[in-house]
Amino acid sequence: MVFTARFLLPPPAPTPRVSPWPRLITLTPPPPSSYPLLGRAHSASSCLLPGQVEIGILDMAAAATAVSSTTKGNGTSGRSGPSEASGPRKKKGPGPLATAYLVIYNVVMTAGWLVIAVGLVRAYLAKGSYHSLYFSIEKPLKFFQTGALLEILHCAIGIVPSSVVLTSFQVMSRVFLIWAVTHSVKEVQSEDSVLLFVIAWTVTEIIRYSFYTFSLLNHLPYIIKWARYTLFIVLYPMGVSGELLTIYAALPFVRQANLYSISLPNKYNFSFDYYAFLILIMISYIPLFPQLYLHMIHQRRKVLSHPEEQKKYE
């Protein structure tokens, strides 16, 4: 008599292989007969070939990005605690001390730009003319616009979640125009173009710092939110026009006085033409302004749209 022994072995491990489609990684499992449950699970997917499992690379990348941004935002350096392992975690805002400091800073800056606005109105009513109003608000304008340099520090130390590069560009461009152009070239201070960008800056900053203050206090009136994402439609081109016209008006005086220029020969073997530098700055407005303006238009649609419409922009 012959006895035949049969041993049930576990099904072979799936063999990974790369799908010809660029976005998919497929796993080829054993035949459904050797692992019925696995076979049924695969056959339930109508959009895949039989015996294939779809893993989206973009989905994995998005998940990895979300995890990375969460750990970076919370300052955990990639280490997760018990609460993080159990589910997604919201980004932490600034701490109580940082929040209190930011509220005070934004309140002071709002008040400062209100002082500038009141100074402009009083000077206009006293003179009866809008010419040369710059001299009535020169000191507070320099002080509070220079004070905006702290915003770069806020981004650098992480109490404000904004780009250090973008914030530096925005703040330094204004500080440059105040000190390196308007202050340095006295002849342009009486130009109407200076008043043009000063008015645009003043209204913009009063709204912006008020927006930040109420947002930190979690009590943002809709009128301020609306003004923040609407009035720039007029104020932004107005300010840019004033800035460009002021730089253009300063060019002849810069060239005549050879202001801030370094000519050869010198011991450093280095030359710098401030006149040409100002022209390059004016040219840089051409590609930058449309991009920033259209980006703000997109942000306005996203922020002020109804909840149903917001899904289109997310």
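Mentor: Helices here are DSSP runs of H or I, at least four residues long, numbered from the N terminus. Keep in mind that the model is predicted.

Trainee: Which helix supplies the largest share of the nonpolar patch?
Mentor: The patch is made of Ile-199, Val-203, Tyr-222, Ile-223, Trp-226 and Leu-231. Two helices, α8 and α9 (222-228), each supply at least two of its residues. The largest share is three residues, and it comes from α9.

Trainee: How much accessible area does this patch have together?
Mentor: The patch lies on the surface and is nonpolar. One of its members, Val-203, sits in helix α8. Together the patch residues have an accessible area of about 530 Å².

Trainee: Is Val-203 buried, partly exposed or exposed?
Mentor: Buried means under 20% relative accessible area, and exposed means over 50%. Val-203 has 32%, so it falls in between. That makes Val-203 partly exposed.

Trainee: Now the inside. Which helix gives the most to the largest nonpolar core?
Mentor: In soluble globular proteins, nonpolar side chains tend to be buried together. The largest such core here has 41 residues. Helices α4 (96-127), α5 (138-147), α7 (164-183), α8 (192-216), α10 (232-257) and α11 (274-304) each supply at least two of them. The top contributor, with seven residues, is α8.

Trainee: Which residues is Val-198 in contact with, leaving aside its neighbours within four places in sequence?
Mentor: Val-198 is among the core residues that touch the most other members, along with Trp-113, Leu-141, Val-254 and Leu-278. With those sequence neighbours left out, its contacts are Leu-120, Tyr-134, Ile-137 and Leu-141.

Trainee: What share of the protein chain is buried?
Mentor: The chain holds twelve helices and three strands. Its accessible surface comes to about 20,700 Å², with 67% of that belonging to carbon and sulfur atoms. Of the 314 residues, the buried share is 32%.

Trainee: On to charges. What is the N to O distance between Glu-138 and Lys-142?
Mentor: Both residues lie in helix α5, four residues apart, about one turn of the helix. Both are buried. Their side chains meet in a salt bridge, N to O, at 2.8 Å.

Trainee: How many residues apart in sequence are the parts that Glu-151 and Arg-208 tie together?
Mentor: These two form a salt bridge, with the closest N and O atoms 3.1 Å apart. Glu-151 lies in helix α6 (residues 150-157) and Arg-208 in helix α8, so the pair bridges parts separated in sequence by 57 residues.

Trainee: Why do Glu-151 and Arg-208 count as buried?
Mentor: The cut-off for buried is under 20% relative accessible area. Glu-151 has 11%, so it counts as buried. Arg-208 also counts as buried, because its relative accessibility is 13%.

Trainee: Which residues are linked in a network of salt bridges?
Mentor: The structure holds four salt bridges. In one of them, Arg-174 and Glu-205 meet at 3.3 Å, N to O. That pair links helix α7 to helix α8 across 31 residues, and both partners are buried. The network consists of Glu-151, Arg-174, Glu-205 and Arg-208.

Trainee: Aromatics next. What kind of pair do Phe-143 and Phe-144 form?
Mentor: The count comes to 17 aromatic pairs. In this one the centres are 5.0 Å apart and the planes are at 90 degrees. Planes over 60 degrees apart meet the cut-off, so the pair is edge-to-face.

Trainee: Which of the two, Phe-143 or Phe-144, is buried?
Mentor: Phe-143 has 58% relative accessibility and counts as exposed. Phe-144 is under the 20% cut-off at 14%. The buried one is Phe-144.

Trainee: Where is Tyr-260 found?
Mentor: Tyr-260 belongs to one aromatic cluster with Phe-176, Phe-272, Tyr-274 and Phe-277. Its phi is near 55 degrees, a positive value in a residue other than glycine. At 44% relative accessibility, Tyr-260 counts as partly exposed. Its place is the loop between α10 and α11.

Trainee: What is the phi of Asn-258?
Mentor: Asn-258 is also in the loop between α10 and α11. Asn-258 is partly exposed, at 45% relative accessible area. Although not a glycine, Asn-258 has a positive phi of about 55 degrees.

Trainee: Which residues does a cis peptide bond join?
Mentor: Omega is about 0 degrees at this bond. Its proline is found in the loop between α10 and α11. The bond joins Leu-264 and Pro-265.

Notes. Residues numbered from 1 in each chain as written. Predicted model: local features only at pLDDT ≥ 70, side-chain atom pairs only at ≥ 80, totals over all residues. Heavy atoms only, no water. Core = buried A, V, L, I, M, F, W, Y, C linked by side-chain atoms within 4.5 Å. Buried < 20%, exposed > 50% of the residue type's maximum accessible area, 1.4 Å probe, protein only. Contact = heavy atoms within 4.5 Å. Areas by Shrake-Rupley, 256 points an atom, 1.4 Å probe, with all protein chains shown as cover. Patch = residues over 30% accessible without salt bridge, like charges linked within 9 Å, V, L, I, M, F, W, Y side chains within 5 Å. Phe/Tyr/Trp six-rings, centres within 6.5 Å; stacked < 30°, edge-to-face > 60°.
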